[in-house]
Amino acid sequence: MDISSYYKLPIALGCMMMLCCLPTWAQTEGHYISVKTNAVAWATVMPNAAIDVQCHPHLSIEIPVAWSPWHLGAKCGIKHVVFQPECRWWWEKPGEGHFFGVHAHVGWFNLKWERDRYQDAQCPLWGAGIAYGYLLPLSGTRWAGEFTIGAGYARIRYDRFYNLSNGARIDTASRNYLGITRIGISLVYRLSKETS
């Protein structure tokens with residue numbers, strides 16, 4: 001499979017999901033909508049973006065997408081795309097203070113390191129978790145900082161290949177993970193008209 005086309009469908013679906021979350025009612029007075037990027041992901045050289053849209057007086061839906069298109073030579077590279085939508089319950093109102101979230105995650109990957117290459121096997125990485133966070137508005141501006149951490153479960157099934165052109169498959173394996181599934185220090189820009 002051509003790896004450049006491997007990610008076209010997941011990235012297109014992620015962009016469509018983000019665009020679908022831009023309802024016109026969210027631009028009206030009192031409804032929260034924001035765009036953001038996670039500095040922790042950027043520190044691992046993973047470009048990312050997210051949109052957070054209020055859907056109830058205490059609820060919002062965040063849809064982040066992160067991807068890594070890096071080919072660092074014949075022996076090293078990581079290509080993946082991950083979606084991690086989260087439903088958030090805000091203590092006060094969306095876009096201010098403390099929140100609790102429930103998230104799901106799904107991701108496709110192709111990683112090569114030294115002699116081996118790992119690729120999701122007929123099924124993406126998937127799982128779910130819970131999170132806690134705090135959004136700190138910067139006084140008098142539309143900018144804010146967001147801090148979040150979450151834990152949960154992830155299931156991964158992958159094929160391992162020799163890291164050669166058309167390298168043979170060595171084996172297929174599965175892993176279950178229980179632990180940190182979400183961490184973020186994000187720069188947030190609030191598009192809604194009401195700011196603190």
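Which residues make up the largest nonpolar core? Keep that in mind while you get your bearings; what you have open is a predicted model.

**Whole chain**

Start with everything in cartoon. You should find 3 helices and 10 strands in the protein chain. Going along the sequence, the order is α-α-β-α-β-β-β-β-β-β-β-β-β. Of the 196 residues, 39% are buried. Take the contacts with a separation of 6 or more: 61% of them link residues 24 or more positions apart.

**The core**

Now for that opening question. Select Tyr32, Trp90, Phe99, Leu135, Ala144 and Val188: these 6 residues form the largest nonpolar core. Centre the view on Val188 and leave out residues up to four places away in sequence. Val188 then touches Tyr32, Ser34, Val35, Lys36, Leu135, Arg142, Trp143, Ala144 and Glu146. Tyr32, Leu135 and Ala144 in that list are core members too.

**Strands around E3**

Next, pick strand E3, residues 59–71. Colour E2 (48–56) as well; E2 and E3 are antiparallel partners over 8 bridges. They make a hairpin, with 2 residues between them. For a specific pair, click Val53, whose bridge partner in E3 is Ile61.

Stay on Ile61 and look to the other neighbour: Cys87 in E5 stands opposite. E5 covers residues 86–90 and runs antiparallel to E3, with 4 bridges joining the two.

Then add E4, residues 76–83. E3 and E4 are antiparallel as well, joined by 7 bridges. Pro69 is a good place to zoom in, with Lys79 in E4 as its bridge partner. The E3–E4 hairpin has 4 residues between its strands, and Gly73 there has a positive phi near 125°.

**The largest pocket**

Finish with a surface view. The largest pocket holds about 930 Å³ of space. It is lined by 38 residues, and the ones closest to its centre are Met46, Ala66, Val82, Gln84 and Thr181. Select those five as sticks to mark the spot.

Which strand gives the most to this lining? Highlight E10 (169–190): E10 supplies 7 residues. Other elements with at least two lining residues each include helix H3 (39–43), strand E1 (33–38), strand E6 (97–113) and strand E9 (143–162). The strands from the previous stop, E2, E3 and E4, also supply at least two each.

Last, colour the lining by residue class: 20 are nonpolar, 12 polar and 6 charged.

Key:
Residues numbered from 1 in each chain as written. Predicted model: local features only at pLDDT ≥ 70, side-chain atom pairs only at ≥ 80, totals over all residues. Heavy atoms only, no water. 1 Å grid on protein atoms, 1.4 Å probe; cavity = no way out; pocket = protein on both sides within 12 Å on 5 of 7 lines; lining within 4 Å. Points joined across faces, edges and corners; volume = space filled by probe spheres on them. Nonpolar A, V, L, I, M, F, W, Y, C, P; charged D, E, K, R; others polar. Core = buried A, V, L, I, M, F, W, Y, C linked by side-chain atoms within 4.5 Å. Buried < 20%, exposed > 50% of the residue type's maximum accessible area, 1.4 Å probe, protein only. Contact = heavy atoms within 4.5 Å. Pairing = 2+ DSSP bridges.
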